[in-house]
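Visitor: I am new to this structure. Could you show it to me and walk me through it?

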Amino acid sequence: MSFTPDQFHSIEVTFGAICTIAIYTLLWRENPVYRIFEYLFLGIGAAYGVTRLFQDSLVNDWWVPMKAGQWWWMLPFLLGLLYFTIYFNKVSWMARMLIGTLMGLAAGLQIQQVAITYFPQVTDSFRPLTPGAVQTLHMAAGGAAMAPEATWVEAGNNIVAFVTLVAVMTYFFFSFEHKGKAITGTAKLGRWLLMISFGTMFGSTITARVALAVSRIMYVLGDWLHLVKP
């Protein structure tokens, strides 16, 4: 039995709508329908992950180059076999040595990633705080002259960033007790700024989740039931 493209698309949309409704039955209560589709989703995701791992890693990145004459790709395969020595007590040290080596490489890459991520942020924290300095730095970088309003706006943003940086660092500076109105006030300001920042990030997360829910509702009402325009 064969299906036309339109029939196959209709079946696909119907199945997607049924899955969406089944998952959202959790809003009512825990039920077998939700459990079935939850396990179905996890099973499909796991099968897809294994398939992509096999195709991308073992076939494309390993077998194809080795088949083309790059015989040295056999060495990673032989090293990977050392993992299985963990099941034999006499030679299990080989697996531990391999695991330790890979953990060291991963730690080095992570440290490198931290440096790449945070060092530019530290450099960027040194910003000009006056309109004249903003204009000078912008022109030194090869840009055209900025309008006076733009320099004032940029300087204001830099001042807000500077105050936030100092206040938050003061709040987290625990080497001495916070005494005095200047220190305690700055630390309190840092705590408020942190709460505002966390609230903004949480609001962005909620907005993204609501957008996903709206997209699924539009899928059911539009693509499946055709009650609204998708």
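Guide: Gladly! One term first: a residue counts as buried when its relative accessible area is under 20%. Please keep in mind that this is a predicted model.

Visitor: With that in hand, what share of the 230 residues of the protein counts as buried?

Guide: The cut-off to apply is under 20% relative accessible area. Taken over the 230 residues of the protein, the share that counts as buried is 14%.

Visitor: Which pattern does the protein follow along the sequence?

Guide: The protein has zero strands and seven helices. Reading along the sequence therefore gives the pattern α-α-α-α-α-α-α.

Visitor: Is the protein more spread out or more compact, set against a compact globule?

Guide: For 230 residues the globule rule gives 17 Å, and the radius of gyration of the protein is 29 Å, well over that. The C-alpha atoms fill a box of roughly 75 × 65 × 45 Å along the principal axes. Because its radius of gyration is well over the rule's value, the protein is, against a compact globule, more spread out.

Visitor: How is α1 placed relative to α2?

Guide: Helix α1 covers residues 5–24 and helix α2 residues 32–67; their axes come within 8 Å and cross at roughly 120°. That angle makes the placement of α1 relative to α2 oblique.

Visitor: How many nonpolar residues are in the contact of α1 with α2?

Guide: From α1 come F15, I18, C19, A22 and I23, and from α2 come V33, Y34, F37, E38 and L40. By class, one residue is charged and no residue is polar, while the nonpolar residues number nine.

Note on methods:
Residues are numbered from 1 along each chain as its sequence is written. This is a predicted model: local features need pLDDT of at least 70, side-chain atom pairs count only at pLDDT 80 or more; totals for chains, interfaces and linings use all residues. Side-chain values use heavy atoms; hydrogens and water are left out. Axes are lines fitted to C-alpha atoms, for helices over the stretch in contact, and angles run from 0 to 180 degrees between N-to-C directions. Helices (H or I, at least four residues) and strands (E, at least two) are DSSP runs, numbered from the N terminus. Angles under 35 degrees count as roughly parallel, over 145 as roughly antiparallel, 65 to 115 as roughly perpendicular and the rest as oblique. Contact means heavy atoms within 4.5 Å. Ala, Val, Leu, Ile, Met, Phe, Trp, Tyr, Cys and Pro count as nonpolar, Asp, Glu, Lys and Arg as charged, and the others, Gly among them, as polar. The radius of gyration is taken over C-alpha atoms; the globule rule is 2.2 Å times the number of residues to the power 0.38. Buried means under 20% relative accessible area, exposed over 50%, partly exposed in between (1.4 Å probe, protein chains only).
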